[in-house]
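Biologist: I'm new to this structure and would rather see one part properly than skim everything. Could you pick a single part, take a close look at it, and then carry on from there?

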Amino acid sequence: MTSYALLILPSANRVYAEAATALSQSELHVFNQSVLEGRLSEVSATVIGGVPYVTFTADGELGTRDAALLANLSSIYALFQIEGGLLRPVGLHRLDRFDDDLITIPKYQGKTNEQFTKLLLNVTLLASAFAGDFLDRKFAVIDPLCGRGTTLSQALMYGFDAAGVDLDQKDFEAYSAFIQTWLKRKRIKHHAEQGPVRRDRQVVGRRLQISLAAAKDDYKAGLTQRLDVLNGDTTRALEFFRPGTFDLVVADAPYGVQHGSRTAAKGLARSPLDLLAGAAPVWAGLLRSGGACGIAWNTLVARREAAAAILAGAGLDVIDSPGYLAFRHRVDQAILRDILVARKP
Ligand SMILES: C[S@@+](CC[C@H](N)C(=O)[O-])C[C@H]1O[C@@H](n2cnc3c(N)ncnc32)[C@H](O)[C@@H]1O
């Protein structure tokens, strides 16, 4: 048995307040069950030298691949092996392809916190049948309520293909302007196309499609990542994206505080359940078999059981293993956020 101490990013305490350590432990549990063959145990909160850590033991030493996986934990700052009371650093090499200002520059009301977005993407990926390929596969991710693109940028950061849908025209325009300026400023090779999307001679949305590569040679060789963003209604996503082509659907539903959920039938609502009921079959249709859908929402406006029943009704298997039941946390007085993950059989 080898002992380890994980130092949490200082910003996690600001984002999650007193829940930061507990959420890190839950995420670590999910990594452990999904891709580390359950070799970690005794996961707990420990204070070392007056500083809080998450400590755990591993069956044998963590190998290079284990460390490469754990490097992508959403709130990891540093990892140490504990040897005779001393901390020996473990090298962390994240998947990150680009500078992190891709994710940190955009600041706006309604932004899903970037650390939380990474947590949601990670635990959704780890529930998919392709979790073992975390470090190797170019996952295809869609955020069907993408706002100004936090999930899309995180997916690009990982080297994945990213697609998004949002009804809000201002959000679409803001992300489109940001990402194109950012790609130019960073001199990242890309090709962008933007324009209206028509059905039966009517404009039903607008779309931005970009192919890009972190390295010039990859771009020349056609080893590109795709970004595809649609300004339209999420319940119509199957009109624009081919069914069964996404590995992951990742969405942060409107919290019903400053922003509501919009459906054609009922307009704006506090609870996301009507939107979810209309969208879940579409989102399930976008997924390939073995793919996973992860949603975050405010439990003060919709109960977990109700949201889970909607995902199950769309033919998805809701994951209820212990790690996945321990992500509920307080964001502010009006928001008690939770995560629900389901897999397509
Ligand atoms: C919590 S926000 C997502 C924020 C996003 N993760 C970000 O960081 O920018 C939820 C989004 O759902 C969108 N939305 C609500 N109803 C929708 C619908 N029927 N179709 C598409 N988008 C919708 C809202 O416009 C809003 O941007």
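Modeller: Here is one part in detail, followed by some others.

A word on the ground rules: this is a predicted model, so local features need pLDDT of at least 70 and side-chain atom pairs count only at pLDDT 80 or more, while totals for chains, interfaces and linings use all residues. Residues are numbered from 1 along each chain as its sequence is written, and side-chain values use heavy atoms, with hydrogens and water left out.

Let's begin with the hairpin made by β8 and β9, which has two residues between its strands. β8 covers residues 190–199 and β9 covers residues 202–212. Names like these come from DSSP runs, numbered from the N terminus: helices are H or I runs of at least four residues, and strands are E runs of at least two. The two strands run antiparallel and are joined by 10 bridges; a pair of strands counts once DSSP finds at least two bridges between them. To find one rung for yourself, look for Arg-198, whose bridge partner in β9 is Val-203.

Now go to the turn. Asp-200 lies in the loop between β8 and β9, and its phi is near 50 degrees, a positive value in a residue other than glycine. That's worth a second glance, as most residues other than glycine have a negative phi. Asp-200 counts as exposed because its relative accessible area is 77% (buried is under 20%, exposed is over 50%, and partly exposed is in between, using a 1.4 Å probe and protein chains only). Glu-42 has the feature too, with a positive phi near 50 degrees. This one is in strand β2, residues 40–48, and at 59% relative accessibility Glu-42 is exposed.

Back to the hairpin, and a step before it. The loop between α7 (169–185) and β8 holds Arg-187, which counts as exposed because its relative accessibility is 72%. Arg-187 belongs to a surface patch of positive charge along with Lys-189, Lys-216 and Lys-220. A patch takes residues with over 30% relative accessible area and no salt bridge, joining like charges within 9 Å and nonpolar side chains (Val, Leu, Ile, Met, Phe, Trp, Tyr) within 5 Å. Lys and Arg count as positive, Asp and Glu as negative, and His and the chain ends are left out.

What about charges that do find a partner? The whole structure has 17 salt bridges, each being a side-chain nitrogen of Lys or Arg within 4 Å of a carboxyl oxygen of Asp or Glu. One of them links Glu-83 to Arg-88, with the closest N and O atoms 2.8 Å apart. Glu-83 is partly exposed at 34%, and so is Arg-88 at 46%. Another joins Lys-266 and Asp-274 at 3.3 Å from N to O; here Lys-266 is exposed, at 58%, whereas Asp-274 is partly exposed, at 34%. Arg-303 and Glu-305 also meet in a salt bridge, at 3.3 Å. There is a network as well: Glu-37, Arg-39 and Asp-66 are joined by salt bridges that share partners.

For a contrast with that exposed turn, look at strand β7, residues 161–166, where six of its six residues are buried. In a regular strand the side chains alternate between the two faces of the sheet. In β7, Asp-161, Ala-163 and Val-165 are buried on one side, and Ala-162, Gly-164 and Asp-166 are buried on the other. β7 runs parallel to strand β6 (residues 140–143), joined to it by four bridges, with Ala-140 standing opposite Asp-161.

Helix α6, residues 150–157, is largely enclosed by the rest of the structure, because eight of its eight residues are buried. Among the buried residues are Thr-150, Leu-152, Gln-154 and Met-157. Met-157 has a relative accessibility of just 2%. Its C-alpha atom is 5.2 Å from that of Arg-97, although 60 residues lie along the chain from one to the other. After α6 comes Gly-159, with a positive phi near 90 degrees.

Technical notes: Areas by Shrake-Rupley, 256 points an atom, 1.4 Å probe, with all protein chains shown as cover. Charge placed at Lys NZ, Arg CZ, Asp CG, Glu CD.
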